[in-house]
Amino acid sequence: MRDYRTMAAFSEIADALDEICDETINPDEDDDIVKLKFKNAELESDKKDEIMKEWDKFIEHFDLHNNGWQYFRQFLIEGELYFELIIHEDYVNEGVLGVVNIPADLIDPVYANIQNMLVKGFLYQKPIFDKNDPRKVEKYEPIPYEENQVVYINNSSYNETKEFIVPFIENARRAYRQLSMMEDAVVIHRMVHAPLRFVLIVS
């Protein structure tokens, strides 16, 4: 994950990711980022209205107008997204009140069936910071989440052993390595051959 984030900060790859996100996250003529369409669904109008009302709440919680671009860029770099659903015990009838984005390196899915990739829960590693140095993580406290407490999205692209998600940015790894080595080689070459550039005039 750290390597992928380092790659994403590389200027050429960062520009490519920005262009992809710019082309993907765009409001339409109605100022909507995404739309819900009913296809082959025989529903009464009141049921459709109820579904659309829930859909509007969904869009409001995720705030795609302001955060959609960053979410999609994170998805390209990490290959998966986690959102904790915020529910208050005093307002159960209100349902989900909001969502919180969880960094992918702090949470892992727990599978009930690894062959079919069926998730039965999640394990969140909550960082506990040092009281004397707030920038230093003293330890991680494991916190289990139920399946319905977290919205989990991945690109369904696993490595050969299905141990982790392979993100979209993996396709640029070889080119990134080659370009990085070429730039280092050019700098070394110029430093080594710098004395040859001196012109001595003897009069």
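A contact here means heavy atoms within 4.5 Å. Keep that in mind for this predicted model.

Q: What makes up the contacts in the chain with a separation of 6 or more?
A: Residues 24 or more positions apart account for 52% of them.

Q: Why is Leu97 called partly exposed?
A: Its relative accessible area is 41%. Buried would need under 20% and exposed over 50%, so Leu97 lands in between.

Q: Where does Leu97 sit?
A: You'll find Leu97 in the loop between β1 (80-86) and β2 (98-102).

Q: What makes the nonpolar surface patch, and why can Leu97 be part of it?
A: Ile86, Tyr91, Leu97 and Val100 make it, at about 340 Å². Patch residues need over 30% relative accessible area, and Leu97 has 41%, so Leu97 clears that cut-off.

Q: How do you know how the radius of gyration of the chain compares with that of a compact globule?
A: Just put the two values side by side: a compact globule of 203 residues would come out near 17 Å, but the chain has 24 Å. As for the box, the C-alpha atoms fill roughly 100 × 50 × 40 Å along the principal axes.

Q: How much of the chain counts as buried, and what does that label take?
A: The label takes under 20% relative accessible area, and 25% of the 203 residues get it. The accessible surface of the chain is about 15200 Å², with 53% belonging to carbon and sulfur atoms.

Q: Which elements does the chain have, and in what order?
A: There are five helices and six strands, running α-α-α-α-β-β-β-β-β-β-α from the N terminus.

How values were computed
Residues numbered from 1 in each chain as written. Predicted model: local features only at pLDDT ≥ 70, side-chain atom pairs only at ≥ 80, totals over all residues. Heavy atoms only, no water. Patch = residues over 30% accessible without salt bridge, like charges linked within 9 Å, V, L, I, M, F, W, Y side chains within 5 Å. Areas by Shrake-Rupley, 256 points an atom, 1.4 Å probe, with all protein chains shown as cover. Salt bridge = Lys/Arg side-chain N within 4 Å of Asp/Glu carboxyl O. Helix = DSSP H or I, 4+ residues; strand = E, 2+ residues; numbered from the N terminus. Buried < 20%, exposed > 50% of the residue type's maximum accessible area, 1.4 Å probe, protein only. Rg over C-alpha atoms; globule rule 2.2 N^0.38 Å.
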